[in-house]
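Me: Can you help me read this structure? I'm new to this, so please go one piece at a time.

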Amino acid sequence: MQTSEQFFQQKKELLGVELNEVQKEAVLSTDGPLLLLASPGSGKTTTIIMRIGYMIEQKRVSPARIKAVTFSRASAKDMEERYTSFFPHLEPVDFSTIHSLAFKIFREYFYKNNQSYQLIEGNDVPQGLHKRIILRNLYYSFHDENITEDQLEELMIYVSFLKNKLIPKDNRSTVKCDVPEALQIFEQYEEQKRTYSNKLLVDYDDMLTFANKLLSQDIEILTKYQRLYDYVLTDESQDTSLVQHKIIEKLVAKHENLCVVADDDQSIYTWRAAEPSYLLNFQHVYPQAKTLFMEQNYRSSKDIVTVANRFIKRNKNRYNKNMFTENPPHEPVQLHKMANYGEQTCHVVQTISSGHTYRDFAILYRNNASSVILIDALDKADIPFYIKDSDLRFFSHWVVRDILNFMRFSYDLSRVDIFERIFSKLGVYISRQQLDHIKGSHKKYTVIDSLLKFSGIDQKHQEKLKRQQEYFRNFHNKSPREVIKTIREDMGYEEVLKKLSKKLGFNFDGLREIIRILEVIAQQSGTMVEFAKRLNHLESLVKQSKDNKHLDAVTLSTLHSSKGLEFEHVFMIDLIRGIIPSESDLEASEKGEKEQIEEAVRLFYVGMTRARRKLELISYHRKFSLHVLSSEFFKDVKRIVNPPQEKDRADKYSFAEESKAKLPKNPNAVKSIGELSPGMEIKHRVFGTGEIMIIDDDIISVQFPTYQKELSISTCLELGLIEPV
Ligand code: ATP
Ligand code: MG
């Protein structure tokens with residue numbers, strides 16, 4: 001048998017990876033508890049894989065007795081692929097999520113006790129039994145109105161949070177949820193699952209809580225699973241929840257051969273009950289534990305590592321690590337402030353088209369909504385893409401369906417069935433009875449003519465309906481883009497959305513954005529039919545895109561799903577205030593609750609540390625004619641990359657100090673940046689009256705009667721140079 005040094009030497013020759021001393025120590029410390037806390041790109045996953053290979057090749061451990069657990073199915077797959085590429089000659093090892101392990105334990109119990117259960121999440125859920133539907137119905141029964149999609153998301157997270165944190169019954173009321181009566185709904189939900197027919201209904205989180213309970217109470221199952229694995233390893237453990245940690249604890253209690261790998265700076269799921277603080281506790285749970293730290297980054301260029309390391313330090317609640325690299329510099333991190341959203345798309349697509357290999361590129365964004373226009377543009381440029389967590393919700397969104405139904409109705413104005421779907425969106429009051437009344441009318445009348453003739457609609461609404469009919473008739477003389485504009489502006493659809501949002505708690509900006517996205521997609525379609533086909537085409541592209549993983553394709557991913565991955569060239573797009581950090585992060589931060597904004601910082605950091613050699617951060621001034629502000633994280637990075645020169649600061653300071661002494665105080669002067677907004681009229685002491693066009697970082701761009709001027713906000717505030725008009 002070869003020595004461990006020979007093992008490392010052989011791997012170096014075969015795989016080109018020469019482990020450093022800490023990595024080697026982690027590989028060799030196979031027995032007993034080990035916590036490996038390390039920076040991004042420091043080789044955590046690589047070390048786990050090597051460790052597994054070492055145990056099998058050197059220590060003759062059977063692959064079947066090793067269990068490697070990670071956060072998501074996608075990362076389990078990635079680990080498995082890395083293992084196969086490192087050790088193609090070895091038997092497979094069980095890489096899985098903790099959920100799949102919990103499911104095995106749980107199933108075993110039901111089998112043993114001859115009980116039946118029904119999963120209520122996933123693909124094969126019988127109609128009406130899906131978790132979402134049960135929660136939706138419960139909400140309705142409590143409030144007599146439908147739950148919005150946003151509220152449903154929040155309720156789902158709340159339910160999951162309570163279980164993953166193992167919050168005892170008496171403490172549940174301390175957990176906040178904005179959905180009214182969430183706790184009562186949760187209790188009813190639990191009750192329904194317990195008492196449904198002859199089967200127990202089970203959601204994904206129940207699998208975890210059940211497995212944890214079974215391992216505590218059923219000695220037979222506990223012994224069986226403890227005997228199943230001799231070595232357990234968990235990657236991305238900063239995102240493991242309390243109940244998951246507890247399952248692992250029980251599983252390894254006999255031998256404590258547990259290797260936990262984590263980076264607290266990459267903890268991005270505390271909103272979903274991840275428990276990174278458990279890592280602080282590791283030494284208490286396992287007094288024999290060894291802790292190793294790895295700070296050398298092997299992934300990224302020096303430029304990227306230096307900037308990312310400085311950026312993460314704005315967080316206070318963290319282990320003080322110092323990520324460094326011996327990799328050479330490549331080129332500075334690029335920050336682009338584009339004029340508008342369209343330029344961002346053009347820049348990304350053009351850069352990718354001029355590259356050599358598509359799979360070198362990744363486009364990362366905070367929200368899935370960012371992907372639709374990109375997909376449209378990539379498809380037009382014939383660039384294949386892979387979407388990690390494709391989300392088809394855009395295409396079936398009711399706003400998209402409304403717009404298509406407006407268009408379809410215009411082809412045959414006698415179609416009551418289509419009219420029925422949009423009549424409440426026309427800004428004209430038509431009752432259900434009035435509509436039912438004309439259902440049997442003769443086909444020779446249009447629906448609107450029948451309503452005017454037979455249903456007793458009052459004069460004012462009659463006039464409006466006639467106008468709406470004229471708009472429908474004119475659709476055919478317009479391009480699809482103009483049609484959408486007519487729908488939203490002239491026909492008042494956007495106004496209807498605004499009212500609906502107020503009444504039902506929808507996010508109006510989000511709905512308006514969907515229409516603007518449709519307008520962009522419609523740009524190159526000649527007819528409404530072509531436009532509908534284009535949407536269908538894009539939807540099927542998104543569906544297929546998950547199969548493109550191993551092709552030469554650009555990766556599109558949310559920042560969350562990019563965890564653990566690496567790419568030669570990364571674009572982080574839509575770096576806008578309100579997106580990242582999100583409105584809710586900012587609100588929490590204003591209230592002094594810093595945890596949420598620190599998590600947003602970590603998410604940004606995860607994104608930056610995916611890049612090997614090139615990192616481009618993109619923000620812009622305008623999105624769909626609205627003025628937007630750069631993300632403060634974007635500005636932070638900008639300051640790190642281009643620090644203000646000491647000399648400039650000194651000059652500015654002495655100028656400001658000198659001027660302050662000379663100028664009398666203006667009591668009406670604007671005193672804080674929050675008082676300024678685009679479109680506001682101001683009076684400048686020297687330049688007179690003008691309108692603020694753009695606010696960006698420390699600069700305002702003001703349109704004075706004959707010229708536009710850029711002014712430093714801090715100087716203006718310090719010297720009291722501007723006042724509102
Ligand atoms: P993340 O925190 O993003 O999950 P990680 O710590 O798991 O990152 P890996 O993905 O294992 O890091 O490694 C990052 C890159 O560094 C990979 O390309 C890997 O091959 C390389 N690498 C790791 N260790 C070494 C080493 N000792 N020598 C050279 N390259 C290495
Ligand atoms: Mg990793």
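Me: Where is Ala274 in the chain?

Reply: Ala274 sits in the loop between strand 7, which covers 258-262, and helix 12, which covers 277-280. Please keep in mind that this is a predicted model, so every value I give you is computed from that model.

Me: Okay, and is Ala274 buried or exposed?

Reply: Ala274 has a relative accessible area of 3%, and because buried means under 20% relative accessible area, Ala274 counts as buried.

Me: Which residues is Ala274 in contact with, leaving aside its neighbours within four places in sequence?

Reply: With those neighbours left aside, Ala274 is in contact with Lys165, Gln238, Asp239, Thr240, Ser241 and Tyr269.

Me: And what separates Ala274 from Asp230?

Reply: Along the chain Ala274 and Asp230 are 44 residues apart, and in space their C-alpha atoms are separated by 26 Å.

Me: Switching to strand 6, which way do its residues point?

Reply: Strand 6 runs over residues 231-234, with Tyr231 and Leu233 pointing one way while Val232 and Thr234 point the other way, and all of these residues are buried.

Me: Which strands does strand 6 pair with, then?

Reply: Strand 2, made of residues 66-70, pairs with strand 6 in the parallel sense over four bridges, and strand 7 pairs with strand 6, also in the parallel sense, over three bridges. To pick out single residues, Lys67 has Val232 as its bridge partner in strand 6, and Leu233 stands opposite Cys259 in strand 7.

Me: What holds paired strands together, in general?

Reply: Strands of a sheet pair through backbone hydrogen bonds, and the pairing can be either parallel or antiparallel.

Me: Where is there an antiparallel sheet here?

Reply: Five strands form an open sheet with antiparallel pairing, and their order is 19-18-17-16-20. Strand 19 (708-712) and strand 20 (722-724) stand at the edges and have a single partner strand each, so one side of each is left without a neighbour in the sheet. From one strand to the next, the twist averages 40°.

Me: How many bridges join strand 18 to strand 19?

Reply: Strand 18, which covers residues 699-703, is joined to strand 19 by five bridges, and the two run antiparallel. Within that pair, Ile700 stands opposite Leu711 in strand 19.

Me: New topic: what about Gln350, is that one buried or exposed?

Reply: Gln350 has a relative accessibility of 56%, and it counts as exposed. Gln350 lies in helix 15, which covers residues 341-353, and from Gln350 to Leu378 the distance is 9.5 Å, C-alpha to C-alpha, although the two are 28 residues apart in sequence.

Me: What does UniProt say about residues 17-301?

Reply: An unreviewed UniProt entry places the feature "domain: UvrD-like helicase ATP-binding" at residues 17-301. In the model, that span is 48% helix and 12% strand, and its end C-alpha atoms lie 17 Å apart.

Me: Zooming out, how many helices and strands does the protein have?

Reply: The protein has 30 helices and 20 strands, and buried residues make up 51% of its 725 residues.

Me: What is its radius of gyration, and what would a compact globule have?

Reply: The protein has a radius of gyration of 30 Å, and a compact globule with 725 residues would have one near 27 Å, which agrees. The C-alpha atoms fill a box of roughly 90 × 80 × 55 Å, taken along the principal axes.

Notes:
Residues are numbered from 1 along each chain as its sequence is written. Chains are lettered from A and ligands numbered from 1 in the order in which they are written. This is a predicted model: local features need pLDDT of at least 70, side-chain atom pairs count only at pLDDT 80 or more; totals for chains, interfaces and linings use all residues. Side-chain values use heavy atoms; hydrogens and water are left out. Two strands pair if DSSP finds at least two bridges between them. Axes are lines fitted to C-alpha atoms, for helices over the stretch in contact, and angles run from 0 to 180 degrees between N-to-C directions. The radius of gyration is taken over C-alpha atoms; the globule rule is 2.2 Å times the number of residues to the power 0.38. Buried means under 20% relative accessible area, exposed over 50%, partly exposed in between (1.4 Å probe, protein chains only). UniProt positions are given in the numbering used here, feature names are shortened, and annotations may be inferred rather than shown by experiment. Contact means heavy atoms within 4.5 Å.
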